[in-house]
Amino acid sequence: MNRIAVALIALTTLSVGVAARAQDGRSVWEGVYTSAQAERGAAAYAQACAMCHGAQLAGTGEAKALAGPEFLSNWNGLTMGDLFERTRTTMPLDKPGSLSREAYADALAYILKFNSFPTGERELASRPEMLAGIRIDAFKPTAAQSATDAVADAADAHADHGPNGAPNPYVADAGFFKLPPGRTMGSTSGVAVDSRGHVWVADRCGANSCTGSLLNPIMEFDREGRFVKAFGAGMFNFPHGFFIDARDHVWLTDNRVANGKGAQVFEFDRNGKLLRALGKAGVSSEGPDTFFEPNGVAVARDGTIFVADGHSAGKGAHRIVKLDAQGRFLKQWGARGSGPDQLEVPHGLALDDQGRIYVADRWNDRVQVFDSEGKLLESWKQFGRPSGVFAGSDGQLYVADSESREPPGYGYHPGWKRGVRIGDAKTGKVTAFIPDTAPDPDKQSTSGPEGIWVDAAGRIYGAQVFQKSVLRFTKARKAP
Ligand code: HEC
């Protein structure tokens with residue numbers, strides 16, 4: 001019942017979609033092409049399409065992406081017949097209609113595969129009238145969705161309030177952090193609190209990048225928000241994921257490569273002494289001892305290190321890397337896509353006391369929960385489109401949604417508002433929502449907190465990229 005309601009919200013907001021939907025047919029989720037066909041399609045695509053749409057279907061210049069949320073939202077609710085005719089009559093741009101009908105069908109099979117739609121027994125036909133019965137559903141239809149019980153539980157769990165209806169028991173304190181004279185806070189996705197209650201922030205050097213800056217991005221503040229010290233000038237391009245471990249060591253990821261720097265994970269002691277740099281400086285690559293675009297880092301009590309890697313939808317790594325306390329590669333999991341075990345832009349991660357790992361699987365609009373070996377335990381849609389996650393010692397999960405947008409395009413997630421959702425880390429039931437206050441959120445790709453941390457007293461810290469500030473949220477006192 002609840003799941004149907006959720007699906008209806010998603011569908012009714014798509015005006016084109018509803019009218020044009022195939023009435024009685026199948027959906028692309030039901031295995032409408034074969035893997036052999038997709039393989040032939042890969043060859044056809046490489047020959048006739050890749051030079052414009054890119055080897056990873058991510059698009060180049062005017063040629064749009066043929067994979068990922070933007071492509072899917074363009075075509076959501078239309079049919080494979082529509083896509084076939086559009087492609088056959090207009091593509092390749094310089095020679096429309098120059099491929100055989102079968103080659104177009106094969107190329108579309110490859111595109112379906114790349115978008116993580118399942119394979120089946122029968123090939124995709126090359127006649128539009130036969131394809132007209134196959135709906136393109138960007139979202140997995142709900143009946144097929146309950147592949148795991150987790151998904152079913154998830155849909156039930158936010159029924160109480162809907163996506164944005166949970167109460168907000170918090171008030172924001174924007175003036176908590178007192179920076180040194182002349183220094184302003186830049187864009188930031190990194191905030192963390194140490195065992196003494198000192199609050200640390202990694203900003204992007206007063207701007208939205210540290211490349212070429214002389215400022216120190218890692219800043220320490222005392223319990224009252226007074227500036228203590230800063231370090232890290234000249235070391236990073238794009239400070240991104242931030243973590244303080246059980247020994248009060250400060251961890252930072254730099255997820256952009258420039259000037260021989262970046263794509264590394266750094267560990268400092270609290271005096272600012274560099275202890276380790278994992279990965280290879282300036283080398284963006286998906287290897288056992290390199291990172292592609294390290295987004296987030298979290299360190300378990302025993303020193304085991306987890307890194308969420310991959311910031312670019314549609315290309316490169318999309319994985320969780322597990323390293324031992326010495327920094328040696330143990331294993332990795334995840335692959336690009338939207339299937340149950342796949343990830344697309346794992347933008348942040350958090351650990352709880354039970355060894356569960358919460359991953360902000362951003363482009364899939366879900367929080368994936370794994371055990372420490374990478375086995376999928378839960379898949380939660382009710383926390384929104386997550387950029388940051390934090391597992392509190394109070395058993396609550398804190399999730400920052402900085403991207404949900406109404407209009408099709410980047411961040412398309414109709415019906416969902418940006419802000420911080422808080423819920424039970426065991427059951428996934430959302431009980432509170434702190435809305436972002438940016439006046440016109442659909443105007444920019446991000447607003448509100450991306451990085452998130454919660455201190456021992458339950459105060460929430462949200463690091464904001466667009467608003468260039470860190471907010472502190474305190475539980476409002478109950479009315480007398
Ligand atoms: C010479 C460059 C070029 C080649 C080659 C090319 N395309 Fe395109 N394609 C474009 C451009 C530019 C657009 C956007 C303009 C438009 O919509 O017509 C586009 C748009 C599309 C769209 C619409 C996307 C959307 O979301 O609306 C599809 C589908 C597509 N191409 C498929 C293909 C396929 C399949 C091939 C190979 C058989 C191919 N294209 C080859 C340049 C190219």
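Modeller: A residue counts as buried if 20 or more other C-beta atoms, placed from the backbone, lie within 10 Å of its own C-beta, as exposed if there are 12 or fewer, and as partly exposed in between. The model is predicted, so local features need pLDDT of at least 70 and side-chain atom pairs count only at pLDDT 80 or more, while totals for chains, interfaces and linings use all residues. Residues are numbered from 1 along each chain as its sequence is written.

Colleague: Is C205 buried or exposed?

Modeller: The backbone at C205 has a phi near 55°, a positive value in a residue other than glycine. C205 belongs to the loop between β5 (199-203) and β6 (218-221), where strands are DSSP runs of E with at least two residues, helices are runs of H or I with at least four, and both are numbered from the N terminus. Because 26 other C-beta atoms lie within 10 Å, C205 is buried.

Colleague: How does K468 count, as buried or partly exposed?

Modeller: K468 is not a glycine either, yet its phi is positive, at about 50°. The loop that holds K468 runs between β25 (460-464) and β26 (469-475). Since K468 has 17 C-beta neighbours inside 10 Å, it counts as partly exposed.

Colleague: Which peptide bond is cis?

Modeller: Most peptide bonds are trans. Here P92, in the loop between α6 (80-90) and α7 (101-114), is joined to the preceding residue with an omega near -10°. The cis bond is therefore the one from M91 to P92.

Colleague: Which residues around the ligand are the closest?

Modeller: A residue is taken as near a molecule if its C-beta atom, placed from the backbone, lies within 6 Å of it, and 20 residues surround the ligand. At least two residues of this shell are supplied by each of α4 (50-53), α5 (69-75) and α6. The closest residues are C49, C52, A63, M91 and P92.

Colleague: How many residues of α7 are buried?

Modeller: The buried residues of α7 include Y104, D106, L108, Y110, L112 and F114. They pack against α3 (35-48) and α6, and after α7 comes S116, which has a positive phi near 70°. Helix α7 is largely enclosed by the rest of the structure because, of its 14 residues, the buried ones number eleven.

Colleague: What percentage of the residues of the protein count as buried?

Modeller: The secondary structure comes to ten helices and 26 strands, and the C-alpha trace spans about 70 × 55 × 40 Å along its principal axes. Two residues are in contact if their C-beta atoms, placed from the backbone, lie within 7 Å, and of the contacts with a separation of 6 or more, 56% are accounted for by residues 24 or more positions apart. Of the 480 residues of the protein, the share that counts as buried is 47%.

Colleague: Which element gives the most to the side of domain 1 that touches domain 2?

Modeller: The assignment, whose bounds come from an automatic or database source, gives domain 1 (2-144) and domain 2 (170-475), with C-alpha centres 33 Å apart. Between them, 14 residues of domain 1 are in contact with 14 residues of domain 2. On the side of domain 1 that touches domain 2, the elements giving two or more residues are α1 (2-12) and α5. With four residues, the element that gives the most is α5.

Colleague: Which residues does V307 touch, not counting residues up to four places away in sequence?

Modeller: V307 is placed in strand β13 (residues 305-309), and because it has 25 C-beta neighbours inside 10 Å, V307 counts as buried. A207 is 100 residues from V307 in sequence, and the two C-alpha atoms are 25 Å apart in space. Leaving out residues up to four places away in sequence, V307 touches V265, F291, P294, V297 and V321.

Colleague: Which residues does R276 touch, not counting residues up to four places away in sequence?

Modeller: R276 has its place in strand β11 (residues 274-278), and because 14 other C-beta atoms lie within 10 Å, R276 is partly exposed. From R276 to A463 there are 187 residues in sequence and 25 Å in space, C-alpha to C-alpha. Outside the residues up to four places away in sequence, R276 touches E267 and G327.
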